[in-house]
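Work through the exercises below with the sequence and the coordinates open. Each task is followed by a solution in steps.

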Amino acid sequence: MEDSPVADPGKAGHEQEQKAKNAPQSGQRPDQGLAPAPDHYRPDPQAERDQSTIPAPDVANAKHHHDILAQPPEALTGLRLEPRAEVAAGVTAVIKSMQFSWGEGGLTRGTKGLLKMNQKDGFDCSSCAWPDPDDHRSVAEFCENGAKATASDADDQAAGPAFFARHSLAELSRMTDRDQNNAGRLTHPLVKRPGGTHYEPIQWPDAFQLIADNLNALDSPDEAVFYTSGKVPNEPAFLFQLFVRQFGTNNLPDCSNMCHESSGAALSPTLGLGKGSVTLNDLHEAEVILIIGQNPGTNHPRMLSALQKAKRNGAKIISINPLIEAGLQNFKNPQDFMNPLRALGALMGDGTPITDLYLQVRVDGDMALLRGIAKHLFEAEELNPGQVVDHAFIAAHTTGFESYRENIRNTSWDDIESESGISRAQLLEAANMLATKQKIITCWAMGVTQQRQGVQTIQEIVNLQLLKGAIGKPGAGTCPVRGHSNVQGDRTMGIWEQPTKVFLDALAKEFNFTPPQEHGLDTVESIKAMYQGKTKVFFSLGGNLLGAGPDTEVIAEGMRKQKLTVFVGTKLNRGHLTTGETSLLLPCFTHADIDMQKSGHQMTSCENSMGVVSQNKGVLVPLAGEMMSEVAIISGMAIATLGPERTNIADWVAMTENYDVIRDHISRVIPGFEDFNQKLREPGGFYLPNGPRERKFTTKNGKANFTTTELEKHTLEPGQLVLMTVRSHDQFNTTIYDYNDRYRGIHGERRVLFMNQQDMADRGLRAKDLIDITSHFEGQQRTVEKFVAVPYDIPRGNVAAYFPEANPLVPVSSVAKVSNTPTSKYVVVTVVAAEKAVETTTQRVAAEA
């Protein structure tokens, strides 16, 4: 192993310049091989799941009941308000990227990380899953958030045994999430013993044996839950699900259950594949792009470069979002500063206008909006037969069209306008942009998937694409924009609580064992099972379930009921602190770290949002300490737990020493990965098979299916509002880099609630007033205290707050139909001034007494 950067910061792995090869040109389709097997969802998933109601926890008083805080501390950090930005990126993004990179990893280490991120001979960004260009990649192929993520990964400060000896778990829980992340990289395996107050050092063999003893003492393998983060590369993800299934359970919840599960649940029965159907080049070719429930300027900033190119090629863009976001207004591309012809305009001007039509839909109103557009298109078709609806495509490739058309006809304009908050005239403007076009792409993210009817809304998106024949050809298709770097790849590798028989049979043949057939627990089911005391071991391969999941205090109580909690991670987060009776904190490498095993410098792989699998090879020497790769950790646990009676130990050793052995196994188990090792070494990687991209619909009937959905109407009680949770700009998933959200004009604070000014006036609130927020669900109430009211351009009746601070308001039993995804984009709340909440509580307690 090489020395740590403390000894020689200039050391890194061998680098080899590579050139793009066989990349598809604009408008061409990549060579993808045969269509993959279908990934059908179970026919009636909701009926099979635990639908019990969990009692509402005492969210407001939890801080008084537990020394270790599950929620972020309520101490305010100093709000400063500025006008909302109207331009994304630009010089400020470049400056911020450098500040974070050099501040965390130092000049040499930070710069090396940035220059090798998303390069063909480098490593995959550990933040979002936006695809890299097939051909030319710029020297700086990263965005501001990617720079922050890599800077955090490259941190040269260590949070080792001495740090944890100084700070108890209770003390650490009183730090802000930002300060926890900034404490440094985890470097040594640690254990919290029963009754202990601190994490203490433990040797790796002892940690593996502790896991094995607890797992093997269970009455059933189903008493263990194995959670996965979306950053985990393909090779460790494949090994993780292999170990879990050899152990005997399908309890493999992951972060996808909470984000794009609704996308998979909608796309599988309609198109045959739970993934998007476009390439990056398709976005450049599109004539119209719809962006629904997504904020690319903060969550997927490199997407703005693709939108800018599409605009320069003549595309029209329709943005559909409750909040006006800077990244959907104007974009200054930092790459333009290196172009003499564009540098001055990039510096002085307002950048490229992105959105042609901005529809500020109400939260959860997207289905009604899509029906309104479709209704206008059908009316246009009646006036211009054969010019608006693609009847030839519909006849050749689809079923269910007549039922869908009748459903649209029966939807009244009153319902469409009242549910969406968008006028009939505005919807006509959108329909006119689409009417004569066929190169149409619809992009969406969690603003859609986490609605109550997220699955049905995505099916309406598919309906619109099918109506126009806008799928399976250049410049057209569906584009669910995935969040974490390899969340899509983890599902491809088998991280799924409801695996298909095809996958299990292939796994059984390859590894000579009988996998469990019963479906396991998804994330919501796992939270309930932990809370109800039905499980005893929780294992987290990365991530932060406590910060990402709904009903924070319910998750915390479930963690406390476990005999053993195990957290594999790179940096400290709040989820590591609320633990079971015994807890392990195990340090692993990041994407940027050099992973040296017996056979040499190892690489892993990730799958991006558009189905491209490419190599991930670290370039930074890990900090001094005892970190291990995720592969080595999983293998050590598998060998200790399963022993020679239940697994092939020699194979686990071989897979750890050389990751090519893992990929050989994958090539024989998962369609599309034939010759995996060879294809991964091609510059830029390779495309996985994608049936819908080629109009090969692997649904049960072999057709693309229109869906007849139900438009549910919901009424609020007087004074109630609808809350959606969002990210700040200085955050990725649950990782908080700083307290700012500069595009929305927020500086120095995260405990804020964005409110319509009239809604504030109705409640006698002024800017920066302290407020308490209470959520209402099936007679239950949950209250968070000490938030700050911020006036903002958001539809009347809607409010927004950051997660994880607002997650305690999201009931674990409030889920989207079919997908079981928590409804973080539809939480009914009331808001009162903080002092009024105190008076009300006092009066209620007195009355009860």
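## Exercise 1: The nonpolar cores

Task: Find the residues with the most contacts inside the largest nonpolar core, and the helix that gives the most to this core.

Solution. The largest nonpolar core of this predicted model has 60 residues, and Phe226, Phe238, Phe240 and Phe243 have the most contacts inside it. Helix H10, residues 234-247, contributes the most to this core, namely eight residues. A second core of 50 residues is separate; Leu357, Leu427, Ala435 and Ile458 are among its members. As background, nonpolar side chains in soluble globular proteins tend to be buried together.

Next, take Phe238 and leave aside its neighbours within four places in sequence. Its contacts are then Met493, Leu507, Phe511, Ile662, His665, Ile666, Val669 and Ile670.

## Exercise 2: Helix H30

Task: Decide whether helix H30 is largely enclosed or not, and find the residue that caps its N-terminal end.

Solution. Step one is to count. Helix H30 covers residues 659-669, and eight of its 11 residues are buried, so the helix is largely enclosed by the rest of the structure.

Step two is to name them: Tyr659, Asp660, Ile662, Arg663, His665, Ile666, Ser667 and Val669 are the buried residues of H30. Ile662, His665, Ile666 and Val669 also appear among the contacts of Phe238.

Step three is the cap. Asn658 caps the N-terminal end of H30, with a side-chain oxygen 2.9 Å from the backbone nitrogen of Asp660.

## Exercise 3: A sheet and the helix on it

Task: Give the strand order of the open sheet that contains S22, then describe how H10 packs on this sheet.

Solution. The sheet has three strands in the order S21-S22-S23, with antiparallel pairing. Strand S21 (604-607) and strand S23 (686-687) are the edges, since each pairs on one side only. Strand S22, residues 612-616, is joined to S23 by two bridges. In this pairing Val612 stands opposite Tyr687 of S23. H10 packs on the sheet and touches S21 and S22, and its direction makes about 90° with that of S21.

A residue of H10 can be followed in detail. Asn234 lies in helix H10. Its relative accessible area is 0%, so Asn234 is buried. Apart from neighbours within four places in sequence, Asn234 contacts Asn486, Gly489, Asp490, Met493, Ser605, Cys606, Glu607 and Val613.

## Exercise 4: Cysteines

Task: State how many disulfides the structure holds, and whether Cys588 and Cys606 are buried or exposed.

Solution. A disulfide is a covalent bond between the sulfur atoms of two cysteines. The structure holds zero disulfides. For the second part, the cut-off for buried is under 20% relative accessible area. Cys588 has 2% and therefore counts as buried. Cys606, with a relative accessible area of 2%, is buried too.

## Exercise 5: Strand S25 and its partners

Task: Find which strands are joined to S25, and in which direction each runs relative to S25.

Solution. Start with the strand itself. S25 spans residues 721-726, and six of its six residues are buried. Leu721, Leu723 and Thr725 point one way, Val722, Met724 and Val726 point the other way, and all are buried.

Then take the partners. S25 and S33 run antiparallel and are joined by three bridges; here Val722 stands opposite Val828. S25 and S32 run parallel and are joined by five bridges, with Met724 opposite Ala800.

## Exercise 6: Backbone exceptions

Task: Locate the cis peptide bond between Phe803 and Pro804, then place Asp364 and Val818, two residues with positive phi.

Solution. The peptide bond that joins Phe803 and Pro804 is cis, with omega about 10°. Pro804 sits in the loop between strand S32 (798-802) and strand S33 (827-833).

Val818 belongs to the loop between S32 and S33. Its phi is near 75°, a positive value in a residue other than glycine. With a relative accessible area of 26%, Val818 is partly exposed.

Asp364 is not a glycine either, and its phi is positive at about 75°. This residue is in the loop between strand S12 (357-359) and helix H16 (366-383). Asp364 has a relative accessible area of 11%, so this residue is buried.

How values were computed:
Residues numbered from 1 in each chain as written. Predicted model: local features only at pLDDT ≥ 70, side-chain atom pairs only at ≥ 80, totals over all residues. Heavy atoms only, no water. Buried < 20%, exposed > 50% of the residue type's maximum accessible area, 1.4 Å probe, protein only. Helix = DSSP H or I, 4+ residues; strand = E, 2+ residues; numbered from the N terminus. Polar contact = N/O pair within 3.5 Å; in protein donor to acceptor, adjacent residues only side chain to side chain. Disulfide = S-S within 2.5 Å. Core = buried A, V, L, I, M, F, W, Y, C linked by side-chain atoms within 4.5 Å. Contact = heavy atoms within 4.5 Å. Pairing = 2+ DSSP bridges. Axes fitted to C-alpha atoms, helices over the stretch in contact; angles between N-to-C directions.
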